[in-house]
Amino acid sequence: MLSYRHAFHAGNHADVLKHLVLVNTLHYATRKEAGIFYLDTHAGAGMYSLQSNEAKKTGEAGQGILKLDFMKLLNQLDGDNRTAMRLYHEHLSQFLQRGQYPGSPVLAAAVLRYQDHLHLCELHTADFDLLQKEVRGDQRIRYEKVDGYARALALLPPAQKRAVVLIDPSYEVDGDYKQVVKLVAEIHQRMRSAQILLWYPVVARGDIERMIAGLERSNVKDLWQFELGVAPDSIGHGLTASGMLVVNPPFTLPGQMRAILPLLQEQLAPAYGHWLVKNLIAE
Ligand SMILES: C[S@@+](CC[C@H](N)C(=O)[O-])C[C@H]1O[C@@H](n2cnc3c(N)ncnc32)[C@H](O)[C@@H]1O
């Protein structure tokens, strides 16, 4: 029985990091004409109201996306780094103006082109229904109420020969931390060129250390870690940081994150936050 609902957390600091990385990875992939296969193994509801009871109950967006001064961020950046922030802001702003926050399926659909294909998996009945309503009618998108872990292996490698996979579980089921390591290694084994974006929450640091050690023992190459924290590591104080483990990132992404993450930390958590960009496994 799944109880996690992303509506309580949409637009928080973790979504900011995740979606910044997602938008820029997909955008870079569209520089080549050939179509892309995008797989979102844990898609969520697709769109979230920042005025909903769920959002108001936690106020997380107020400490995340709504706390950011985008004009200041854009003025502090230049060149490619400014472009990376501008892309993220451009894709969000029309929704923020309406009091909404777009989830990964909607952001991906906005960045991708007519020749690209999106495949969305979501297991929660209510969120799947919302997702369907949000993306129905877009001929590029297939959506299924299935287990994203199992479905990923059946779908990869795709006919398109180019793939970006977002793995964004809720980590509410025992074994999620081990299952994601297994999935990343199996995808990489089947398709060396796949760009894999794995989101992780820092609730107990030991879980993340074990996850990374598992990936380091696997066959995975070209693995990067991007992390943004708003509080020191602790036990029992909830989500203090989050990160993205990325296999085969665009070569521009580490530099962009080195420029942008310190500025996000400065705005979101100047006193106790942290950021990290690290190459965990070389190419
Ligand atoms: C963190 S949310 C996804 C947020 C979304 N990717 C975004 O960035 O907007 C995780 C979602 O995974 C769903 N879920 C949990 N276990 C799943 C599974 N085995 N397969 C597919 N979806 C699952 C949950 O219902 C939840 O909606």
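Thr-83 sits in helix α4 of this predicted model. With 16 other C-beta atoms within 10 Å, Thr-83 comes out as partly exposed; a residue needs 20 or more to be called buried, and 12 or fewer to be called exposed. Asp-40 is 43 residues away from Thr-83 along the chain, and the C-alpha atoms of the two are 24 Å apart.

Helix α4 itself, residues 79-96, packs against α10. Two packed helices are described by the angle between their axes and the distance between the axes. Here the axes come within 9 Å and cross at roughly 70°, which makes α4 roughly perpendicular to α10. On the α4 side the contact involves Asp-80, Asn-81, Ala-84 and Met-85, and on the α10 side Gln-256, Ala-259 and Ile-260. Sorted by class, this contact has four nonpolar residues, two polar ones and one charged one. As for the spacing of such residues, an α-helix has 3.6 residues a turn, so residues three or four places apart point the same way.

A second helix pair, α7 and α8, looks like this: the axes come within 10 Å and cross at roughly 5°. Angles under 35 degrees count as roughly parallel, and α7 and α8 are therefore roughly parallel to each other. Tyr-149, Ala-152 and Leu-153 are what α7 brings to the contact, while α8 (residues 176-190) supplies Gln-179, Leu-183, Glu-186 and Ile-187. The class count for this pair is five nonpolar, one polar and one charged.

Now for the loop that follows α7. The stretch between α7 (148-155) and β6 (163-167) is home to Pro-157, and the peptide bond leading into Pro-157 from Leu-156 is cis, with omega near -5°. Lys-161 is in the loop between α7 and β6 too. Lys-161 has a positive phi, about 70°, despite not being a glycine. Lys-161 counts as exposed because it has 12 C-beta neighbours inside 10 Å.

Asn-248 is another non-glycine residue with a positive phi, in this case about 60°. Asn-248 belongs to the loop between β9 (241-247) and α10 (253-268). Is Asn-248 buried or exposed? With 22 other C-beta atoms within 10 Å, Asn-248 is buried.

Past the other end of α10, the loop running to β10 (274-281) holds Ala-269, and Tyr-272 lies in the loop between α10 and β10 as well. Ala-269 has 20 C-beta neighbours inside 10 Å and so counts as buried, whereas Tyr-272, with 11, counts as exposed. Leaving out residues up to four places away in sequence, Ala-269 touches Val-230 and Ala-231. The C-alpha atoms of Ala-269 and Ala-231 are 7.4 Å apart, although 38 residues separate the two along the chain. On the same basis of leaving out residues up to four places away, Tyr-272 touches Ala-231 and Pro-232. Gly-229 is 43 residues from Tyr-272 along the chain, with 8.1 Å between their C-alpha atoms.

Moving to the interior, the largest nonpolar core has 83 residues. Helix α1 (residues 13-29) gives the most to this core, with eight residues. The residues with the most contacts inside the core are Val-165, Val-184, Ile-196, Leu-197 and Leu-198. Take Leu-198: setting aside neighbours within four places in sequence, Leu-198 is in contact with Ile-167, Val-180, Val-184, Met-244 and Leu-245.

Helix α5, residues 104-111, is largely enclosed by the rest of the structure, because seven of its eight residues are buried. Those buried residues are Ser-104, Pro-105, Val-106, Leu-107, Ala-108, Ala-109 and Val-111.

Ser-104 also turns up around the ligand. Which residues come nearest to the ligand? Of the 21 residues around the ligand, His-42, Gly-44, Gly-103, Ser-104 and His-124 do. By class, the shell splits into seven nonpolar, eight polar and six charged residues.

Notes:
Residues are numbered from 1 along each chain as its sequence is written. This is a predicted model: local features need pLDDT of at least 70, side-chain atom pairs count only at pLDDT 80 or more; totals for chains, interfaces and linings use all residues. A residue is near a molecule or strand if its C-beta atom, placed from the backbone, lies within 6 Å of it. Ala, Val, Leu, Ile, Met, Phe, Trp, Tyr, Cys and Pro count as nonpolar, Asp, Glu, Lys and Arg as charged, and the others, Gly among them, as polar. Helices (H or I, at least four residues) and strands (E, at least two) are DSSP runs, numbered from the N terminus. A nonpolar core is a set of buried Ala, Val, Leu, Ile, Met, Phe, Trp, Tyr and Cys residues joined through C-beta atoms within 7 Å. Two residues are in contact if their C-beta atoms, placed from the backbone, lie within 7 Å. Axes are lines fitted to C-alpha atoms, for helices over the stretch in contact, and angles run from 0 to 180 degrees between N-to-C directions. Angles under 35 degrees count as roughly parallel, over 145 as roughly antiparallel, 65 to 115 as roughly perpendicular and the rest as oblique.
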